Amino acid sequence: MSKGGRHTYAAISVLAAGALVLTGCSEGGSKGGGDDKKQQENAERQQSAIKFGDAAASKGPAAEVPGAKSGGTISVLARDSYAHLDPAQIYVQDEMSVSQLLHRGLTGYKATSNDGSKHEVVGDLATDSGTTTDGGKTWKFTLKDGIKFQDGSAITSADVRHTFERQFAAFINQGPPYIQQWLADTPGTDYRKLLPDGPFKGKHLPDSTLETPDEKTVLFKFKNPHPDLPYALAMTGYAVVSQKGDTKEKYDKAPVVTGPYKIQEFKSGKSMVLVKNENWDPATDPLRHQYVDRFNITFNQQYEDSTKALLADSGTDRTGVSFSNQVDAGNLSKVLNDPKMKSRTVSGFQPYVGQVNINMSHAEMKDLKVRQAIAYALPVTPFVRAYGGTDAMEVAGGIISPTVSGYDPSFDPYGKKKKPAGDPAKAKKLLEEAGKTGLKLTFGYINTPEGQQYSTAMAAGLEKAGFDVQRQEIPAETFYDQVSKLDNNYDIFHTAWGADWPSASTVIPPLYDGRVIAEGAQNYSQVNDPKVNSEIDRINKITDPVKAAAEWETLDKYLLTKVVNVVPTAYYKQVQIAGSKIGGLVYDDIIAGVDARRLFVK
Amino acid sequence: MKAEEEQLVGRSPGQLMWIRFKRDRTGVISASVVIFFFLIGLLAPVVSWLYGKNPYTVYADERPELFDSAGVPVQPNGGISGEFWFGLEPGNGYDVFTKLLYGIRTSLGIAVAVTLATVLTGIILGVTAGYLGGKADYWISRVIDFLLAFPAQLFFIASMPVVVSLFVSPRDETPVYVRVVALILVMWFLGWMSLGRILRGTTLALREREFIEAAKVSGAPPGRIIRKEILPNVVTPILVQSTYMLPNFVTAEAGLSFLGVGIVEPTPDWGQMFSKASTELVMQNDITYMFFPGISMIIFVVAFNLLGDSVRDAFDPKTAR
């Protein structure tokens with residue numbers, strides 16, 4: 001998923017100069033960063049690769065949260081109203097986050113530690129995380145006994161078949177495309193030709209693609225091996241949809257849910273109430289709990305609003321939490337420096353990796369020495385600063401983030417971790433060797449307050465190495481459209497990308513495969529390296545996720561040391577807070593936010 | 001006993017005005033404040049050369065030990081110290097002292113240029129309309145009415161990016177002078193009408209006076225009448241008006257930069273310092289920063305407005321306030 005650049009901020013009218021000075025002296029900044037131990041912990045918690053769990057691990061109920069109590073109501077502050085509730089239409093983080101309470105799929109991520117750091121993929125509706133005997137071409141899933149929709153009807157293989165067939169219908173256009181593409185064996189949006197109207201006009205996928213021999217068994221049959229299927233199935237986009245209760249477009253407002261909570265009331269743009277789903281059986285579910293009686297969700301709470309409300313900790317905000325809102329950059333150091341807030345604060349990584357793309361289609365950028373000079377000269381501190389410091393951003397080494405298996409914390413090809421402000425001396429030498437001192441570098445930056453701030457300081461750093469940086473503003477609304485044009489004017493520009501599941505197969509192929517260069521595609525740097533292309537094909541066929549992860553990391557190293565088409569800047573992090581009466585508060589690395597399933601009222 | 005030797009001295013209106021002005025203590029003080037601001041604006045490069053810093057150095061990268069990772073100065077009060085007199089700007093860590101000096105320079109420079117341009121336009125069009133009358137008066141007055149009906153602030157915000165994009169090649173950064181010229185053009189375009197109207201009215205009244213009639217009868221050409229007879233008589237409204245207009249332009253320019261359509265980082269600018277001061281980062285962590293642009297602008301605007309009042313009083317002591 002790409003990181004949206006959309007920031008809506010109202011133009012504030014000119015404040016009278018008088019209002020600005022009627023304020024007291026400030027106490028000075030927060031304490032300086034560099035918490036070595038914490039850094040190491042963060043790195044360590046990401047080391048372990050995510051394994052596929054067996055049948056024993058997939059058995060419910062989920063392990064009790066220490067100290068958990070039943071009952072009570074939690075009020076949830078959310079920024080955006082949920083545009084989609086139909087699981088097949090869900091592809092954004094906040095909707096995925098609330099879906100953990102509502103929807104269940106064939107597989108899911110089970111937290112194997114109480115801090116939300118270790119996970120394995122287990123069967124959710126299925127008895128295990130899937131079995132394959134031919135290296136990932138054919139996958140077999142068996143449904144558990146006693147699984148039901150909220151209306152009490154049993155979940156059968158027919159529902160699973162329906163779930164995947166309706167993905168081909170035209171009205172399903174927001175969710176992830178992976179499994180449809182794999183079933184149809186085509187990239188892009190051509191997969192819809194396989195079943196143009198979905199299952200709604202009586203046609204079905206042939207048994208050679210998707211087979212449901214009996215009520216409990218589902219078989220996926222791909223032409224090429226897809227060892228990542230258990231990860232993909234864990235996405236909310238592939239959660240099960242009731243065949244009987246499918247109302248097509250209307251399902252988006254009132255889905256038939258399978259999780260521990262059901263929707264009692266949903267006022268789009270205003271509020272939502274979730275209550276217990278009596279037809280959910282904890283014995284079938286290894287992932288979820290049902291401690292709280294109700295969740296009252298209110299929308300339109302901006303980051304500043306939710307932060308201030310939860311900091312104040314009064315009334316219903318004492319049992320308040322936000323699944324997806326983070327602490328805004330301005331309040332960040334205040335929250336982190338308050339010892340009373342420590343037990344109410346969680347933090348962790350988001351899946352996004354920031355990177356400065358070097359436009360390989362421009363003649364001057366074809367010189368490797370020039371690209372290396374950019375990589376050495378570029379200061380990443382401005383980027384970290386603009387978003388609130390090391391609590392919001394961690395200086396990146398490679399393009400594989402800590403949330404993805406295979407991450408190597410020691411990989412740091414341009415010394416950014418030691419010298420985050422860049423190495424202008426080394427860059428200057430490289431640029432002189434290339435004979436390109438004074439090279440004009442057009443830097444397209446996103447026109448947000450953050451973009452303006454980091455781009456000016458980055459330009460200052462690049463200029464120290466001898467580049468002639470020309471900054472160009474790009475409106476935030478159209479930023480990604482502009483930089484993904486094949487014929488754009490920008491030599492360098494910053495983008496961010498997040499993995500869809502913890503495998504680099506959702507990072508490296510879409511971003512760096514030279515064969516997917518197209519107008520509007522995500523190969524922003526327009527890199528087309530034959531070795532990278534062939535390696536992508538080779539690694540995509542490796543069935544062992546741990547081995548594949550190691551190979552992706554090797555390719556990451558090749559890209560950054562030999563190709564140098566991007567310079568990683570930072571791994572996105574966030575800090576979230578909750579009211580004082582909230583128990584079981586954990587930051588889940590996979591959800592990239594507060595884990596709603598574990599919450600209880602103290 | 002000696003006879004009083006007091007003589008009657010003939011004085012020009014200018015001299016009279018000067019004498020009256022010197023007696024007005026408020027006027028003199030505010031005039032010196034205003035002159036001080038113009039001086040530090042003019043001498044900003046000299047001052048910062050002596051001080052040894054410039055407003056473009058990213059101290060957050062040059063001296064990382066002075067900042068936390070979010071770019072907030074570690075020392076209290078925004079890092080004020082013997083080395084950085086006014087502290088450091090949260091974010092990229094620019095030096096606030098030189099930034100303020102250069103910001104004053106940019107803002108005052110633009111305001112003075114706009115004032116000169118609008119005064120010139122106001123004189124030309126206002127006096128022409130008033131002196132010629134008839135069709136010329138009708139059309140110029142309609143243009144003034146039309147432009148006065150424009151919502152100025154909205155027009156600035158909407159037209160600044162358009163004007164800027166007219167000048168710049170798509171591969172280059174927008175040069176600072178383009179933004180400056182665009183700001184001057186945009187503010188000039190909607191800034192001259194009030195002065196133009198006042199001058200039209202004054203000229204209209206003067207045109208019917210006897211000394212103009214006399215000049216006309218004696219065969220003086222219109223150019224000479226305007227230069228020698230009319231202009232000297234409208235100096236008062238011009239001076240008074242421009243002393244009111246200049247601080248208005250300073251705040252208008254600051255307003256545009258505050259809204260992000262005027263001068264942008266890293267070019268120092270008064271208004272842009274306000275917009276920086278209003279960010280959540282500065283509000284929560286370094287409120288001291290606001291004092292420097294805030295207080296300096298209050299002092300400047302108040303002093304200039306008081307100066308305008310004093311100038312008016314000195315020219316026209318009879319009018320009661």
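## Exercises on a predicted two-chain model

Of the 321 residues in chain B, 42% are buried, where buried requires 20 or more other C-beta atoms, placed from the backbone, within 10 Å of the residue's own. This is a predicted model, in which local features need pLDDT of at least 70, side-chain atom pairs count only at pLDDT 80 or more, and totals for chains, interfaces and linings use all residues. Residues are numbered from 1 along each chain as its sequence is written, while chains are lettered from A and ligands numbered from 1 in the order in which they are written.

**Exercise 1.** Describe the make-up of chain B in helices and strands, together with its span.

*Solution.* Begin with the elements: chain B has 15 helices and zero strands, helices being DSSP runs of H or I with at least four residues and strands runs of E with at least two, numbered from the N terminus. Next, take the C-alpha trace of chain B, which spans about 80 × 70 × 30 Å along its principal axes.

**Exercise 2.** Determine how α13(B) and α15(B) are oriented to each other and which residues make their contact.

*Solution.* First, the axes of α13 (residues 270-277) and α15 (residues 288-315) of chain B come within 9 Å and cross at roughly 140°; axes are lines fitted to C-alpha atoms, for helices over the stretch in contact, and angles run from 0 to 180 degrees between N-to-C directions. Second, α13(B) and α15(B) are therefore oblique to each other, since angles under 35 degrees count as roughly parallel, over 145 as roughly antiparallel, 65 to 115 as roughly perpendicular and the rest as oblique. Third, the contact (C-beta atoms within 7 Å) joins Trp270(B), Met273(B), Phe274(B) and Ala277(B) of α13(B) with Tyr289(B), Met290(B), Pro293(B) and Met297(B) of α15(B).

**Exercise 3.** Decide whether Tyr231(A) is buried or exposed, and find what it touches.

*Solution.* Start by placing Tyr231(A) in helix α6 of chain A, residues 229-233. Because Tyr231(A) has 25 C-beta neighbours inside 10 Å, it counts as buried. Leaving aside residues up to four places away in sequence, Tyr231(A) touches Val121(A), Trp501(A), Pro502(A) and Ser503(A). Of these, Pro502(A) is 271 residues from Tyr231(A) in sequence, yet their C-alpha atoms are 7.8 Å apart in space.

**Exercise 4.** Find where chain A has pLDDT below 50 over residues near the start of the numbering.

*Solution.* For chain A as a whole, the mean pLDDT (the predictor's confidence in each residue, from 0 to 100) is 85, and 92% of the residues reach 70 or more. Over residues 4-36 of chain A, however, the pLDDT is below 50.

Terms used:
Two residues are in contact if their C-beta atoms, placed from the backbone, lie within 7 Å. A residue is buried if 20 or more other C-beta atoms lie within 10 Å of its own, exposed if 12 or fewer, and partly exposed in between; C-beta atoms are placed from the backbone.
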